[in-house]
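Trainee: I'm new to this structure and would like a close look at a single part of it. Could you take me through one place where two helices meet, and then show me a few residues elsewhere for context?

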Amino acid sequence: MLRMERPRVPFLVTPRSHTGVEARMPQWSDRSTGERLQLLRGPGITQEQLAEMTGLSVATIRAAEQDRRLTLPTLMKLSAALGADISVIEGQQAPRRQMAQADRSVVRALSAAVHDTAAGILPSDADAPQLHELEAATDRCWNLYWKGRYTEAGALVTPFLASAAARVREQPVGEQDAAWGVLADAYRLAAYVANLVGARDLAYSAIGHAQAAASNAADGMRAALVNSGRAWVYLRDARTDDALRLAEQSATDIEPRFSTATPEQLTAYGSHVNFAAVVASRMGNKDRAADYLSQSHAVGARMGREVRAHGTLFGPTTATTQAVGINVSLGQTGKALTLIDSIKDVSGLAEAAQHRYQMDKAMAQADAKMWDASLDTLENALRAAPEWARHQTMPSVIAEKVGRASTARLRRVSKLIGIRAPIDGGFASATEKSAL
């Protein structure tokens, strides 16, 4: 039997906010194992449901959570059911930021799929769908992603990776380019999901495998998309110089002739140029940001409407809404607020893009010392899209910035945001420069 102890529970004091309110919470390692099990189970799973998931009795679950008895076999079954490493349950490593049991299970499965397929290890029952079927699966994954349903997207990418890898293996030699391209898309999706949920090492690994697959596909467009994805991981990791270099390179690599460019080509180019503007703004480089922003608006105007292609969406509304966040990053709050006043309809954007625009709007209002308006915007966004919001880092940054709103409202918003603690193997706490 494992020896269980309940140590004292000191509190970790975070820096005092502008309101003078201190956020106090127990450190993960200082909780008892039983308490950690209860937190990992969360309010969404009862002890009875966990017993059914593990094949254990309710009495065994109750005993473990009360620190009365926990054997190694029981610990291993709980680890698998809760999607949490044993080191997390034992307090040697903190869990990912407010990640629900379903999220943890998806990340673990996704990580296994990424590493196994890259090593050529496929499930014995892995099928090899035809390319048109895999392309349809790619579209389904991206649709979930742009709805902000990242856990569902990650769950779908896991078997998708195995199927795409199986298709590569089954294709005749010399006819594998298209299959490698689909596999590159699958790895890029995995990297994007990992980046958003804070799984730093998985994000780097997946985008690296995406780069190798795109190279095998001999597809310049996909290679540029992967470079842009890596730049996004760099930005989350506060590697802004590297992020800007890659963002600029990927935009240059796919710059089309405007006179003959298809809407799909313009979508890819516009989103790349726009991202370069975002990274330049995070570095405080006004000239470069303004140059790329000008190109972004030109592409949007040329397109005349929002178009979805290559796993992204771009058009005139995207260019304008993204300009809000870019101006906020540059400290040009007045320009950001003027743009906000000019934006009347964002229904043409993907759901996730609409929610992100609300975050940029809330940040602009906070910078303008419109404290209550900022919290109103933030709270409405959090309530409208809780599944999307719990994977975002920007809300915490906004709440920290807001300093003169009513304490009750700030507490209410902070409760919606939840804990955003750094983790071993994860990204550091987000700042204005690295928040996504």
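Mentor: Let's start with a term we'll need: a crossing of two helices is called left-handed if the near helix is turned anticlockwise from the far one by less than a right angle, and right-handed if it is turned clockwise. Keep in mind, too, that what you're looking at is a predicted model.

Now find helix α15, residues 316-329, and helix α16, residues 333-342. Their axes come within 8 Å and cross at roughly 160 degrees. Because angles over 145 degrees count as roughly antiparallel, α15 is roughly antiparallel to α16. As for handedness, the crossing of α15 and α16 is a left-handed one.

Who does the touching? On the α15 side the contact is made by T320, A323, V324, N327 and V328, and on the α16 side by T333, K335, A336, L339 and I340. Sort the residues in this contact of α15 with α16 by class and you get 6 nonpolar, 3 polar and 1 charged.

Staying with the later part of the chain, have a look at Q365, which sits in helix α17, residues 351-367. Is Q365 buried or exposed? Its relative accessibility is 8%, and since buried means under 20%, Q365 counts as buried. Apart from its neighbours within four places in sequence, Q365 is in contact with L337, M370, A373, S374 and T377. One of those partners, L337, has a number that falls inside the range of α16, residues 333-342.

Next comes K369, in the loop between α17 and α18, the latter spanning 371-384. K369 has a phi near 65 degrees, a positive value in a residue other than glycine. With a relative accessible area of 53%, K369 is exposed, whereas Q365 is buried.

H310 also has a positive phi, near 55 degrees, and again the residue is something other than glycine. You'll find H310 in the loop between β3 (307-309) and β4 (312-314). Its relative accessible area is 35%, so H310 is partly exposed.

Last stop: A155, in helix α8, residues 150-170. A155 counts as partly exposed, at 39% relative accessibility. Try picking out S105 as well: A155 and S105 are 50 residues apart in sequence, and their C-alpha atoms are 8.9 Å apart in space.

Notes: Residues numbered from 1 in each chain as written. Predicted model: local features only at pLDDT ≥ 70, side-chain atom pairs only at ≥ 80, totals over all residues. Heavy atoms only, no water. Helix = DSSP H or I, 4+ residues; strand = E, 2+ residues; numbered from the N terminus. Buried < 20%, exposed > 50% of the residue type's maximum accessible area, 1.4 Å probe, protein only. Contact = heavy atoms within 4.5 Å. Axes fitted to C-alpha atoms, helices over the stretch in contact; angles between N-to-C directions. Parallel < 35°, antiparallel > 145°, perpendicular 65-115°, else oblique. Nonpolar A, V, L, I, M, F, W, Y, C, P; charged D, E, K, R; others polar.
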